[in-house]
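Student: Could you take me on a close tour of one chain here, going from its strand pairs out to its overall build? I'd like to see how the pieces fit together, in plain words please.

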Amino acid sequence: MAAYIVRRLWQMLPTMLGVILLVFFLFNWVGGDPAYVLAGKISNQEQIDNIRRQLGVDQPYWVQLGIFIKQVITADFGASWSTNERVSNILMTRLGPSLTVVVPLVLLATLISIGLALAVAYVRGSFTDRAVMIVCTVGLSISILVYIIVFQYVFAYKLGWFPVQGWGDSFWENLFVYASLPILIGLAVSIAPDLRLYRTFVLDEINQDYVRTARAKGVSENQIMWIHVLRNASIPIITNLMAGIPGLLLGSFLIERFFSIPGIGREVILAVERSDFPVIKAITVYVAFATIITNLLADLTYKAVDPRVQLK
Amino acid sequence: MSARSNGGDQPGSMSSERRMRTGPSTSDPLVSVRNLRISFRLDRQTTFEAVKGISFDIPRNSTVALVGESGSGKSVTSLAMLGLLPPENSIIDPSSEVLYGGRNLLALPVGELRKLRGADISMIFQEPMTSLNPVFTVGWQLEEVLRLHMGMSGRKARKRAMDLLREVGIPEPERRIDSFPSQLSGGQQQRVMIAMAIACEPKLLIADEPTTALDVTIQKQILELIGDLQKKHQMSVLFITHDLAVVGEIADYVVVMRNGEIREQGPAKAVFESPRDTYTKALLMCRPQLDRRPARLPVIDDFINGPGPRNTEERKRGVKPNDAIVLDVRNLGKSFYSREGVFGKREFKAVKDVSFQLPKGKTLGLVGESGSGKTTVGLTLMRLHEATTGEAIFEGRDLLSMSPSEFMQYKRRIQIIFQNPYASLNPRFTVGQIIVEPMQIHGIGSSAQERTDMAFELLNKVGLAEVSFYKYPHEFSGGQRQRIAIARCLTMKPDILICDESVSALDVSVQAQVLNLLQDLQDEFGLSYIFISHDLAVVKYISDQVMVMNDGEIVEIANSDEIYRHPKMPYTQRLLASIPRGWHGQRARASD
Amino acid sequence: MATNIATLRDGSGALVRDKRHAVSPGLWVLAWRRLTSDMVGMVGLAIVAAFIVMMILSGVGLLAKDWNREVGVNYAPPSFVDSEAATTATQQVHPGAETAPAGSEYQSTIVDPIGDVIERLKSGKGESQPAAGQPATSDEKSVDPLADVMADIRAGKGVGAAVKAEERKATLPFGGDKWGRDVLKKTIKGSETSIFVGLASAALATFLGTLFGALAGYYGKWIDDFFNWFYSVFSSIPYLLLILAVAAVLQQKGMLTIILILGLTGWTGVFRLIRAEYLKHKSREYVQAADAIGASNGRRMFIHIFPNVSHVVLVQLSILVVAFIKSEVILSFLGFGVPVDVVSWGSMLNEAQNELILGKWWQLVAATVAMATLVTAFSLFTDALRDALDPKLKGRLGA
């Protein structure tokens, strides 16, 4: 096991390097000289020259690459081009709000989806099953934008049950007052695809031989569903969840933007609008690294959950 | 009822006891199947009738064998008895009955049926790996059935589970009880299934092809286990199989099914010694026997359209010292590598230092259990795997060390027929495209028309209609697809043909047809065969020389008659002793 | 002759002999038959086809060519709403009715103190506000009081002929937007954008994913290692983040840009699936048999394996089309999608956000309904397609 982990860690390095190269290629090569971008924001030419020198824009590419790698390792990307706030500070402070919305959202969405998936699989082939699936399909086809706009309008603006936007200072206030409507919208959008996916996982298990054996032993349909099938279906479900964890860091940036929640997602949008390269680069690189590490954790979890798997 | 003496004249021989019982133990049967009629809905318009109104009895305390080839409806019958058919598309005729204890199982409410399942009537299946739940321990699954029907829990259940594991012959039950199914071998998994099935002392055990997926030595152990348990617990066993030899070993009663109907049923002695139905007769004769070798195997048509095979002369086989050698294999080795540790590799030697010679125009049989390396030898000779060591000398040149472009010329000289007829033909090609392709690649035939004509000719030679040229593989049965594969090989006029378990996936009657075809082609074209199989009876029939492999090495090579009569190595002896002899075999041996 | 003779009965219970045709249907024909018998899927296909026809007509200019023209009064309500609302709409002059159509992130309504003065001036002249197709040069939030005058001048040379203020309709079939443009026509034109972008980028992504997946799965070893590395680099960056990053860097906008962005980043899912398929098929016996008879690598990859994998490719293509339509809408909404002079459902939703607060719901509904209809229809069709192409359905009967 330890050997497996070591080997995987060793294999992660080329991927991380690849991410750095990709980001570098995008922002330093394609993006090129940021002078034109900075010109609109910073009027002080000397300041602009300073930044350009720091970035090494007039240096050969491999020097620039070296500078970038150093930035990644030391986690110091300098300051944001638009707000002058230190990028590392930006990342640290924005992580909390993102997680406050997204973590409860994922927990609730998963539990509800699993329950619904089992229920629907129980009555598979029936009218209820097909009706629910069609409702899911239609629900999926409406853009998340519409959900946000409509929900915000109806529940916050018109009915006043929730604040239209904003964020508070205390954790509990944030969780229950400001995050509620965003979480609700997130649920409306996530349950449909999750339900479809989990239903497929559950149905795959129902057709397996061991279910026939359980029936031959006299096990009731309920026990088959909730004990035998669920335990097996939980393997792909957990794997799927683990794969989605890196996305959590990003938050749901549309929701954050609409509700003015100071999370990482909103930061990304602002940064893109303002062409604030350091922020975008930093977020991209770190989210990518988090994904790579999470993949390893996902594989280890898979091994813990599925007795058939042998890691080599 | 005759007295039970322990054991028979030979250890592990159950048949001698069987023959002593001539009638049912008590006159009223344990289970009575009456007019069972089952259909499946294929789509909105069509239904398919799988079982067409069959009736038979399962007497108490006896073994009933339900025999048939694929498509006969035997599995469907057994599933229907416990209500395990998929309700969405299966239709059971309301007049069908399965009577047990005075009640019709088909009409019972599900709650009542569940009480019987696993307790009064239990079932074991063909594939133990997938039939056990992979995420729960063996102990948990055993205890589940004890919890459900006997209300046991905690330490009591665990102790009983361990006793059961011991009873079915699992070594170290205290350790195994907490294992997961994936940590056990196929034979052990089947034992666990059996333990689960007998945990509540059922009156009837339904066994649906329980040994088909197991090696022949393991099969013997499982059959013995089931026989012992049947005696000890005085239960009845409904044993479903396609293998008549197995039936002959274990059955008191035999029910023969074909295409959803019962062709014959009765006590084993009557069915084996004086079968009345033509299909039963054909089935008994089609299978290669160990003591005879007819020049042609009889096929079903011989019996249905006529009185039976007329030509009963035998074919002599054997390799003589001065036979010409067409392929000389020396020190063949193949290793597979997998990762180990941080940077290391682990070597698995599938084939270790194999050497043999293939005589021209003859058949070399290559026999072994799963994991013996026999298939790897075949694939390596074809260069479908790269050999790790060794040479294969053909016409003075080493086939294994040539460059790929040089080998192209020799590729047509050595060809292979695979085991799975459903996977070896490209489902998107027509039969015509499949047969013509090798001709196109090797430049055989000077025009498309000429190639098509050759294809028609070959189709005829393998016994298929010319119109098959335009059809797709999915329209053909397994045996027909193997013929197409054979035709494809023949386009290149090979010298050597490797048959890798080529008849193992076929029904007995179809197997006989394909074996006959292969023999005809050898007689006509002087082909040399390497015939790889785990089926010892088939290998003895078709081979001149037999090579036994175990664990990647050759154990013994000898002429086929010699090796079956006087096996020298212990492994060979054990292998041969595991072959189910069937009814006649037992009688022959008993009267020696 | 097959050894198993099926005893088939048709609906009336009579025995039907299994028919054997001289020339039998191939797998594609069988799949097509299955597909056409699935009602829901066929309805979905019909709707999708209708949208595509609409897209083509709109693209060549036969339909909704003049979506840009302000033919109605500002915020004209739909005709099916009662006329009382219609009359009230004509009276209002909204303070926020800027001449410069804002960039997509325009959120606040800035009051222009002399806006109504300028309007009166213009209506006095008999000229109306310029066609919205000529944006002001800067997309800043402040208002240039001379912008509309400048736009006037340009309008004189421009294509979009203005409609006189008195001739503007009070209601439009599905209402009008802030500048009085016909929502229905905008929706139709918007579908052209979304569908075209969806199809083109899906085609690009599917092509790349299939090619890479085939090479990686078939050849294995270092080719596989290389593509896997490439794949893990791309897939470790969350999809939308990657798109936004690329959008940030590419300053010019345009349909081609979006198609490239979506296509060059969205191939990862297809790659993983096709690679797995090729790995699976490569060890199948029919491929080994092809090797044994002497088929080359290329022949095996494309003539033997690909036809057996093409159904997966087709389904993936459909799934990607749906995903990319939705992505394009989001991108356009945020302003990183199509340029300002091209209409998209995303830009309509952007405008709708503010309109909703003013109680004007029709643009939101139009865009949502159009999009939902198309995406639902496509999704249902994709499900039916997947069921029809599933090779497991053909073959053995229960034994």
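Tutor: Let's begin with what a strand pair is: two strands count as paired if DSSP finds at least two bridges between them. Strand 15 (residues 389-394) and strand 16 (residues 397-398) of chain B make such a pair, antiparallel and with two bridges. Keep in mind as we go that this is a predicted model.

Look at how those two strands of chain B connect. They form a hairpin with two residues between them, and Glu395(B) in the turn has a positive phi of about 50°. As for who sits across from whom, Phe394(B) has Arg397(B) in strand 16 of chain B as its bridge partner. Strand 15 of chain B also has two unlike faces: Gly390(B), Ala392(B) and Phe394(B) make up the covered one, while Thr389(B), Glu391(B) and Ile393(B) lie on the uncovered one. So you can follow Phe394(B) in two ways, as part of the covered face and as the partner of Arg397(B).

Now set that beside strand 20 (residues 545-550) of chain B. Six of its six residues are buried, which means that strand 20 is largely enclosed by the rest of the structure. To call a residue buried, we ask for 20 or more other C-beta atoms within 10 Å of its own. Gln545(B), Met547(B) and Met549(B) point one way from this strand, Val546(B), Val548(B) and Asn550(B) point the other way, and every one of them is buried.

What does strand 20 of chain B pair with? Strand 14 (residues 363-367) of chain B is one partner, parallel to strand 20 and joined to it by four bridges. In that pairing, Val367(B) stands opposite Val548(B). Strand 21 (residues 553-559) of chain B is another partner, this time antiparallel, with six bridges. There, Val546(B) faces Ala558(B). Strands 20 and 21 of chain B also make a hairpin, with two residues between them, and Asp551(B) in the turn has a positive phi of about 60°.

Turns aren't the end of the positive phi story. Asn61(B) isn't a glycine, yet its phi is near 55°. You'll find Asn61(B) in the loop between strand 2 (47-58) and strand 3 (63-67) of chain B. It has 19 C-beta neighbours inside 10 Å, so Asn61(B) counts as partly exposed. Gln234(B), also not a glycine, has a positive phi of about 55°. Its place is the loop between helix 9 (216-233) and strand 9 (236-241) of chain B. Gln234(B) has 13 other C-beta atoms within 10 Å, so it is partly exposed.

Next up is a helix. Helix 19 of chain B covers residues 508-525, which is 18 residues. At 1.5 Å a residue it should span 26 Å, and its end C-alpha atoms are 26 Å apart, so the two agree. Its buried residues include Val508(B), Val510(B), Val514(B), Leu515(B) and Leu518(B). Right after helix 19 of chain B comes Gly526(B), with a positive phi of about 70°.

Time to step back and look at the whole chain. Chain B holds 23 helices and 21 strands, and 48% of its 592 residues are buried. A compact globule with 592 residues would have a radius of gyration near 25 Å; chain B has 26 Å, so it agrees with that rule. Along the principal axes, its C-alpha atoms fill a box of roughly 75 × 60 × 55 Å. If you take contacts in chain B between residues at least 6 apart in sequence, 68% of them join residues at least 24 apart.

Finally, the domains. The assignment for chain B gives domain 1 (2-120 + 200-284) and domain 2 (325-419 + 494-591), and their centres are 36 Å apart over C-alpha atoms. Where they meet, 20 residues of domain 1 of chain B are in contact with 17 residues of domain 2 of chain B. Among the elements giving two or more residues to the domain 1 side are helix 9 and helix 10 (244-250) of chain B. Helix 10 of chain B gives the largest share of that side, five residues. By class, that side has eight nonpolar, seven polar and five charged residues.

Terms used
Residues numbered from 1 in each chain as written. Chains lettered and ligands numbered in written order. Predicted model: local features only at pLDDT ≥ 70, side-chain atom pairs only at ≥ 80, totals over all residues. Buried ≥ 20, exposed ≤ 12 C-beta atoms within 10 Å, placed from the backbone. Domains from an automatic or database assignment. Contact = placed C-beta atoms within 7 Å. Nonpolar A, V, L, I, M, F, W, Y, C, P; charged D, E, K, R; others polar. Expected span 1.5 Å × (residues − 1). Rg over C-alpha atoms; globule rule 2.2 N^0.38 Å.
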